[in-house]
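Please load the model in your viewer and switch between cartoon and sticks as we go. Each stop on this tour suggests a selection and then says what is there.

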Amino acid sequence: MIRLLKKILNKIFRIYFWRFGLVDFDGKKAYNLKPLNITKDFIYAADPFFIDENNILFEGIKWKTLIGKIYLYNNSKIKEISFEDKFSDFHMSFPFVYNLNGSKHIIPQISNLNSLVSFKLDLKKSKANFQKVLLEGVQCRDTILHNHKDYHYIFTTVLNSSKEKFFRVYKSKSNNDKYVEIKFHGLKLDS
């Protein structure tokens with residue numbers, strides 16, 4: 001009965017499942033598509049970030065909670081990544097993964113949080129431990145961190161108070177220094 005109700009709601013509200021999978025390459029062509037079947041309990045799963053060949057982080061929204069959370073996919077098993085209580089009620093998505101000093105870290109997009117924060121991943125415990133605030137006073141979307149030569153760069157879309165989107169770039173001499181905006185004319189993004 002619940003499955004029938006879900007199908008009816010999907011058709012009424014036009015909810016589409018997002019899916020992703022693994023593809024093998026032999027150097028010239030792609031082959032052996034392996035769709036990851038993770039949508040059974042989820043409204044959708046999106047924004048996959050590969051940690052390594054066995055672990056994938058993604059945003060998922062389950063029917064029970066109706067809020068975006070970060071999940072770990074490993075060998076057909078799915079575990080929710082736990083965050084400290086002060087972050088647990090926020091909608092999270094786009095879990096950008098990066099390496100720092102031999103450890104895995106993530107910068108998730110956290111809705112309605114006026115800061116960009118990073119977390120250190122503990123894959124064995126499926127836990128993300130708060131590391132630091134990278135930027136304060138800005139709502140960021142779809143953020144990536146890139147290291148080039150002696151600098152760390154943050155590329156992100158920032159929402160202003162009117163919810164307009166602007167592309168911004170910030171840099172820091174090291175990941176421990178404060179990030180400063182690189183001034184340029186900017187780019188306003190249409191919704």
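Which residue in β10 is the bridge partner of Val117? Select Val117 and look across to β10: the partner is Val133. Keep in mind throughout that this is a predicted model.

**Stop 1: the whole chain**

Start with everything in cartoon. The protein has two helices and 15 strands, and buried residues account for 40% of its 191 residues. Switch on the surface, and you are looking at about 12300 Å² of accessible area, with 52% of it belonging to carbon and sulfur atoms. Of the contacts between residues at least 6 apart in sequence, 31% join residues at least 24 apart.

Now colour by confidence. The average pLDDT is 83, and 74% of the residues score at least 70. Where is confidence highest, and where is it lowest? Strand β9 is at the top with a mean of 96, while strand β15 (residues 187–189) is at the bottom with a mean of 57.

**Stop 2: the sheet around β9**

Select β7, β8, β9 and β10. These four strands form an open, antiparallel sheet in exactly that order. Strands β7 and β10 (127–136) are the edges, since each of them pairs on one side only. Turn the view to see the twist, which averages 30° from one strand to the next.

Zoom in on β9 (residues 115–122) and its neighbour β10. How many bridges hold this antiparallel pairing? There are eight bridges between β9 and β10. You have already met Val117 and Val133; select Ser118 as well, and you will find Lys132 of β10 opposite.

Follow the hairpin round from β9 to β10. Four residues lie between the two strands, and Ser126 in this hairpin has a positive phi near 50°.

**Stop 3: Phe119**

Stay in strand β9 and select Phe119. Is Phe119 buried or exposed? Phe119 is buried, because its relative accessibility is 0%, against a cut-off of under 20%.

Next, show what surrounds this side chain. Leaving out residues up to four places away in sequence, Phe119 touches Phe83, Phe87, Lys104, His105, Ile106, Pro108, Ile110, Ala128, Asn129, Phe130 and Gln131. Draw a distance between the C-alpha atoms of Phe119 and Ile106: they are 5.3 Å apart in space and 13 residues apart in sequence.

**Stop 4: aromatic pairs**

Show the aromatic rings as sticks. The count of aromatic pairs comes to eleven. Select Phe49 and Phe96 for an edge-to-face example, with 5.9 Å from centre to centre and 80° between the planes. Phe49 lies in strand β3 (residues 42–50) and Phe96 in strand β7, so this pair ties together parts that are 47 residues apart in sequence. Both rings belong to buried residues: Phe49 has a relative accessibility of 16%, and Phe96 has 11%.

Now move back to Phe119 and add Phe83. What arrangement do these two rings adopt? Phe83 and Phe119 are edge-to-face, with centres 4.9 Å apart and planes at 85°. Phe83 sits in the loop between β6 (77–80) and α2 (85–88), and Phe119 in strand β9, so the pair ties together parts that are 36 residues apart in sequence. Phe83 is buried too, at 12% relative accessibility.

Before leaving the rings, return to Phe49 and add Phe94, Phe96 and Tyr98 to the selection. Together these four residues form one aromatic cluster.

**Stop 5: two loops with positive phi**

Most residues other than glycine have a negative phi. With that in mind, select Asn101, in the loop between β7 (92–100) and β8 (103–110). Although Asn101 is not a glycine, its phi is positive, at about 50°. Asn101 counts as exposed, because its relative accessibility is 74%, and the cut-off for exposed is over 50%.

For the last selection, go to Lys149, in the loop between β11 (139–148) and β12 (151–159). What is the phi of Lys149? Lys149 has a positive phi near 55° and is likewise not a glycine. Lys149 is exposed, with a relative accessible area of 74%.

Note on methods: Residues are numbered from 1 along each chain as its sequence is written. Side-chain values use heavy atoms; hydrogens and water are left out. Buried means under 20% relative accessible area, exposed over 50%, partly exposed in between (1.4 Å probe, protein chains only). Two strands pair if DSSP finds at least two bridges between them. Axes are lines fitted to C-alpha atoms, for helices over the stretch in contact, and angles run from 0 to 180 degrees between N-to-C directions. Contact means heavy atoms within 4.5 Å. Accessible areas come from the Shrake-Rupley method with a 1.4 Å probe; for residues, only the protein chains shown count as cover. pLDDT is the predictor's confidence in each residue, from 0 to 100. Rings of Phe, Tyr and Trp (its six-membered ring) pair if their centres lie within 6.5 Å; planes under 30 degrees apart count as stacked, over 60 as edge-to-face and the rest as tilted.
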